[in-house]
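Visitor: Could you walk me through this structure and explain the reasoning behind the labels?
Guide: Gladly; here it is.

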Amino acid sequence: MRVAHITDVHVERAPGVGELFNKRLAGAVNLYLLGRHQHFSPASQSALVKAVAEVQPDLVLCTGDLTATATTAEFAAAAALVAPLRSRFPWVAIPGNHDVYTDESVGRFARSFGPTAPVRVHAAGGWDVVLVDVCHPDWLSRGWLGDAGLADLEATLAGGTAPVLLAIHYPLRDRRGERYGPSTRACIDAEAIEAVLVRFPRVRLVVHGHEHHGYRTELPRDGDPIASIDPGAGGYAHLPERKRTAHFCVYELDGNGLSAVERYAFDGERFVPEVGGAFQSGG
Ligand SMILES: [Fe+2]
Ligand SMILES: [Fe+2]
């Protein structure tokens with residue numbers, strides 16, 4: 001099975017005046033007054049959709065931050081952007097912290113990109129794709145699964161035998177393989193989630209987003225570490241002078257596990273296989 005993984009597309013549309021309340025005001029100031037919106041580009045975003053379609057995946061998996069401040073206009077634009085993928089390929093998505101700025105945006109995400117739940121399983125190609133949604137409206141952008149979600153995750157993993165690809169927005173480990181550290185903008189029960197995962201040998205691969213500069217690391221497990229992959233932001237502008245561009249990954253999954261990883265990088269016009277192989281270019 002071939003899974004295309006996109007994340008952190010960050011479609012941006014300025015909020016209407018009526019939408020400038022609570023947390024979104026801080027997000028909009030960051031984005032439009034402090035210039036963060038120059039980090040993402042419509043050229044990358046439309047090339048991303050074209051490139052993913054060319055890969056002919058068996059499944060498109062999105063790990064969130066499709067929008068920047070979860071405005072009505074952003075949800076509409078992001079839904080239109082990915083519509084050609086959703087109409088041609090099986091698609092699953094979980095929200096990122098940017099998609100759940102307000103309570104109403106939680107429902108809007110589900111209407112725009114499909115159902116979401118703390119723990120949801122999508123069976124495909126002999127695998128269980130386990131989608132873990134830890135994002136909630138929160139001033140500090142903290143994510144959590146919570147006790148009920150952790151119990152649900154454990155029961156889900158105990159209830160099957162197929163190999164598991166687990167998708168989550170926030171990293172469980174940083175790029176050095178250490179615990180992912182900040183007290184905000186992180187999943188506060190990441191350690192508890194990992195403690196559940198490592199008890200189940202059928203968990204073969206963890207994928208996430210949130211960190212816009214992608215990386216591959218491992219979750220330690222006795223003699224059998226779990227690969228952990230973040231492709232990097234799929235909507236990043238092409239800024240080679242800053243060693244920054246958009247990426248996505250393709251995973252080849254067979255009965256034994258992850259057999260190959262391809263990573264594609266945006267060269268300013270189109271996505272091309274990363275020079276030297278996945279995560280070898282330093283980009
Ligand atoms: Fe993001
Ligand atoms: Fe994020």
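Visitor: What makes A68 count as buried?
Guide: A68 has 30 C-beta neighbours inside 10 Å. The cut-off for a buried residue is 20 or more, so A68 counts as buried. Keep in mind that this is a predicted model. A68 is placed in the loop between β2 and α3, and its C-alpha atom is separated by 8.0 Å from that of G27, 41 residues apart along the chain.

Visitor: Why is K243 called exposed?
Guide: The limit for an exposed residue is 12 or fewer neighbours, and K243 has 10 C-beta neighbours inside 10 Å, so K243 counts as exposed. K243 belongs to the loop between β9 and β10. Its phi is near 55°, a positive value in a residue other than glycine.

Visitor: Why is a positive phi worth a remark?
Guide: Because most residues other than glycine have a negative phi. F279 is another case here, with a positive phi of about 65° although it is not a glycine. F279 lies in the segment after β12.

Visitor: Is F279 buried or exposed, and how do you know that?
Guide: F279 has 21 C-beta neighbours inside 10 Å. Set against the threshold of 20 or more, that value means F279 counts as buried.

Visitor: Let us turn to helix α2. How do you know whether its length fits its number of residues?
Guide: Helix α2 covers residues 42-54, which makes 13 residues. From its first C-alpha to its last, α2 reaches 19 Å, and the span expected at 1.5 Å a residue is 18 Å. The two values are close.

Visitor: What makes one side of α2 its buried side?
Guide: The buried residues of α2 are S44, Q45, A47, L48, A51 and V52. They cover an arc of only 165° around the axis, which puts them on the same side of α2. The face turned away from that side carries the exposed residues K50 and E54.

Visitor: What covers the buried residues of α2?
Guide: The cover includes β1 (2-6), β2 (59-62), α3 (72-86), β10 (247-254), β11 (257-266) and β12 (271-273). Just after α2, Q56 takes a positive phi of about 55°.

Visitor: Why is V52 called buried?
Guide: V52 has 25 other C-beta atoms within 10 Å; with the cut-off at 20 or more, V52 is therefore buried. This residue sits in helix α2. Leaving aside its neighbours within four places in sequence, V52 is in contact with A4, I6, P57, V60, L85 and F248.

Visitor: Which strands belong to the open sheet, and in what order?
Guide: The sheet has 6 strands in the order β4-β5-β6-β7-β9-β8, and the pairing is mixed. On average, neighbouring strands of this sheet are turned by 20° against each other, direction ignored.

Visitor: What makes β4 and β8 stand at the edges?
Guide: β4 (119-124) and β8 (215-219) each have a single partner strand, so one side of each is left without a neighbour in the sheet.

Visitor: How do you know that the pairing is mixed?
Guide: Look at the individual pairs. β6 (residues 164-168) and β7 run parallel, joined by 4 bridges, and β7 also runs parallel to β9 (residues 226-230), with 3 bridges. β8 and β9, however, are antiparallel, with 5 bridges between them. As examples, V164 has V203 in β7 as its bridge partner, V207 stands opposite I229 in β9, and T217 stands opposite S228 in β9.

Visitor: Why is β7 described as largely enclosed?
Guide: Because 5 of the 5 residues of β7 (residues 203-207) are buried, this strand is largely enclosed by the rest of the structure. The chain arrives at β7 from β6 through helix α6 (residues 190-197), in a right-handed β-α-β crossover. Helix α5 (residues 146-158) lies across β4, β5 (127-132), β6 and β7, running at about 25° to β4.

Visitor: What joins β10, β11 and β12?
Guide: A hairpin joins β10 to β11 through 2 residues, and these strands pair antiparallel over 8 bridges. β11 and β12 form a hairpin with 4 residues between them, where G268 in the turn has a positive phi of about 105°. This pairing is antiparallel too, with 3 bridges.

Key
Residues numbered from 1 in each chain as written. Chains lettered and ligands numbered in written order. Predicted model: local features only at pLDDT ≥ 70, side-chain atom pairs only at ≥ 80, totals over all residues. Expected span 1.5 Å × (residues − 1). Arc of directions from axis to C-beta. Contact = placed C-beta atoms within 7 Å. Pairing = 2+ DSSP bridges. Right-handed = clockwise from strand over helix to strand, strands pointing away. Axes fitted to C-alpha atoms, helices over the stretch in contact; angles between N-to-C directions.
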